[in-house]
Amino acid sequence: MLVSIITSVYNCQDYAGEMLESILNQTYQDWECIIIDDASTDHTWNVIKQYNDKRIITIHNKQNEGLTRNLNKGIALAKGKYLIRIDGDDKAFPTRLEKQVDFMENHPEVVVSGSYMQNFGQRYDTVKAVLDNDRLRVHMLFNSVMYHPTFIIRREILNQYDICYDEDFRFAQDYNLLYQLMQHGELANIPEPLVKRRVHGDQIGMTRYEQQRKCADNTRKLMLKLLGTALTEQEEMIWLKWCVDCTFGCTDDERETIQAVLNRIMYANRKTGLFKQDILEKSLRERIHRSSSIRKEDTIKEKDKYQRLFQMMNQWVRVKQEGKNVAEYLARKGYKKIAVYGMGCAGETLFHELLSQDIEIAYFIDRNAENLHSDIPVVAPDNITETVDSVIVTAITFYDEIKAVLRDKTESPIVSLEEIVFDL
């Protein structure tokens with residue numbers, strides 16, 4: 001079964017020979033290798049022309065055209081059932097083709113897969129990746145989920161849906177290609193390194209970081225559009241920054257914006273079904289946790305907030321396992337109609353727990369007033385008009401300050417969700 005290896009090289013005279021040797025030494029030998037020299041100014045062309053194997057197809061550009069266009073040129077020429085990527089400065093493990101082809105043959109639902117990578121050169125370590133399709137799809141909201149030099153792609157999917165590298169993406173073109181492919185099948189990674197990636201100072205990720213990030217941001221915007229989530233310009237700026245580095249030292253307002261966007265994403269997904277809802281919510285909460293736990297700018301009180309939050313959530317799980325729930329507690333207090341302050345993970349969990357109970361949530365209270373819970377309205381604290389049996393505050397810290405604000409807006413009893421959970 002023929003497979004097509006596609007690579008584009010530029011000023012790669014010191015490494016291209018090693019890459020080609022690693023292809024020639026594969027245990028799987030039914031391949032063609034399309035290698036495009038992108039008008040190198042060194043001796044790269046002379047190096048690759050030394051290889052006389054008929055399976056190596058060489059193209060010499062007279063002008064530099066860039067990686068994206070060259071990859072599309074290689075795809076147009078390819079004849080193999082699968083397309084395999086490698087960079088000119090990397091090397092393939094001897095069993096790479098054999099293992100990747102075998103994986104794709106045994107997983108027909110997968111349209112593209114990758115693998116772990118082993119770094120060498122300026123750094124020696126193994127870089128891993130998420131493996132299963134459901135988590136990979138969710139992580140596509142933030143970044144590419146496969147290492148480009150490890151790709152193996154079903155060519156029939158590219159042909160059937162007219163997919164290619166988008167030439168508007170001079171950088172981060174792999175992320176955009178995955179965005180296109182994920183709409184037509186599953187994603188996967190093989191849990192072992194099959195490519196050796198050479199780490200050096202001339203790599204695009206080190207020399208063109210800002211351009212690469214802007215291109216990746218455009219795919220992140222497309223992911224939100226695919227999900228059906230629209231953001232304001234300010235929200236988009238904060239969201240994109242958080243996608244790149246969820247540990248950046250954001251302000252309280254920025255953190256509230258991020259939480260509001262996450263809530264909107266979770267709500268939108270219930271309509272579109274783009275992701276498995278439980279996997280989406282778990283992944284977002286893990287990222288929020290990582291964001292809060294690593295951020296150096298956190299105050300002691302802020303760190304305590306997240307510790308207390310997870311203690312509360314863990315306690316909540318335990319009491320559920322014992323057959324207890326918040327609805328019964330509220331019913332004993334005579335609270336049949338409530339409002340919920342805060343639309344973070346605790347508010348979301350409370351909402352879903354009460355769905356099948358006799359307790360009615362009349363409205364949510366949140367400074368980012370968005371209708372995220374089906375027919376349940378969301379109001380800002382200044383817009384509270386309806387009296388309820390109780391207002392449940394899901395916030396962990398600043399409870400006293402929140403209570404003071406609410407006390408001026410409503411006559412309803414104000415109760416801490418944290419206290420309810422631990423009272424159970």
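1. Let's start with how the chain is wired in this predicted model. Among contacts in the protein chain between residues at least 6 apart in sequence, 74% join residues at least 24 apart. Tyr175 offers a local example to look at: Val145 is 30 residues away from Tyr175 in sequence, yet their C-alpha atoms are 7.7 Å apart.

2. Now the overall build. The protein chain holds 17 helices and 14 strands, and its C-alpha trace spans about 85 × 40 × 35 Å along the principal axes. Of its 424 residues, 53% count as buried.

3. A word on the surface and the charges. The exposed area of the protein chain is about 19900 Å², with carbon and sulfur atoms supplying 47% of it. There are 55 positive and 65 negative side chains, and the centres of these two sets lie 2 Å apart.

4. Helix α7 deserves a good look on your screen. This helix covers residues 173-181, and 9 of its 9 residues are buried, so α7 is largely enclosed by the rest of the structure. The buried set includes Gln173, Asp174 and Asn176 as well as Leu177, Leu178 and Leu181. Which elements do the buried residues of α7 pack against? The partners are the helices α3 (67-77), α6 (155-160) and α9 (209-227), together with the strands β6 (110-121) and β8 (152-154).

5. Within α7, I would pick out Tyr175. Its relative accessible area is 2%, and Tyr175 is therefore buried, the cut-off being under 20%. Setting aside residues up to four places away in sequence, Tyr175 touches Met140, Leu141, Phe142, Asn143 and Ser144 on one stretch of the chain, and also Ala216, Thr219, Arg220 and Met223.

6. Strand β6, one of the partners of α7, contains Ser113. This serine is buried, with a relative accessible area of 0%. Beyond residues up to four places away in sequence, Ser113 touches Gln100, Phe103, Met104, Met146, Thr150, Phe151, Ile152 and Ala188.

7. Another buried serine sits in a loop. Ser412 is found between α16 (399-407) and β14 (414-416), and at 0% relative accessibility it counts as buried. With neighbours within four places in sequence left aside, Ser412 is in contact with Thr387, Val388, Ser390, Val391 and Arg407.

8. Next, a pair of helices that cross. The axes of α10 (residues 233-244) and α11 (residues 252-272) come within 10 Å of each other, and the crossing angle is roughly 90°. The two helices are therefore roughly perpendicular. On the α10 side, Glu235, Ile238, Trp239 and Trp242 make the contact; from α11 they meet Glu254, Thr257, Ile258, Val261, Leu262, Arg264 and Ile265.

9. Helix α11 has a further partner in α15. How do α11 and α15 pack, roughly parallel or roughly perpendicular? Their axes are 11 Å apart and the angle between them is about 30°. The two helices are therefore roughly parallel to each other. Here α11 contributes Gln259, Asn263, Met266 and Arg270, while α15 brings Cys345, Glu348 and His352.

10. While you have α15 in view, check its cover too. This helix runs over residues 345-354 and is mostly covered, with 9 of its 10 residues buried. Among the buried ones are Cys345 and Glu348, both of which also take part in the contact with α11. Ala346, Gly347, Thr349, Leu350, Phe351, Glu353 and Leu354 are buried as well.

11. Two backbone details would be worth a glance. Asn11 is not a glycine, yet it has a positive phi of about 50°. Where does Asn11 lie? Its place is the loop between β1 (3-9) and α1 (16-24), and with a relative accessible area of 32% Asn11 is partly exposed.

12. Ala39 is the other one. Its phi is near 60°, again a positive value in a residue other than glycine. Ala39 lies in the loop between β2 (31-37) and α2 (44-49). Is Ala39 buried or exposed? At 16% relative accessibility, Ala39 counts as buried, because the cut-off for that is under 20%.

Notes: Residues numbered from 1 in each chain as written. Predicted model: local features only at pLDDT ≥ 70, side-chain atom pairs only at ≥ 80, totals over all residues. Heavy atoms only, no water. Helix = DSSP H or I, 4+ residues; strand = E, 2+ residues; numbered from the N terminus. Buried < 20%, exposed > 50% of the residue type's maximum accessible area, 1.4 Å probe, protein only. Contact = heavy atoms within 4.5 Å. Areas by Shrake-Rupley, 256 points an atom, 1.4 Å probe, with all protein chains shown as cover. Lys, Arg positive; Asp, Glu negative; His and termini not counted. Charge placed at Lys NZ, Arg CZ, Asp CG, Glu CD. Axes fitted to C-alpha atoms, helices over the stretch in contact; angles between N-to-C directions. Parallel < 35°, antiparallel > 145°, perpendicular 65-115°, else oblique.
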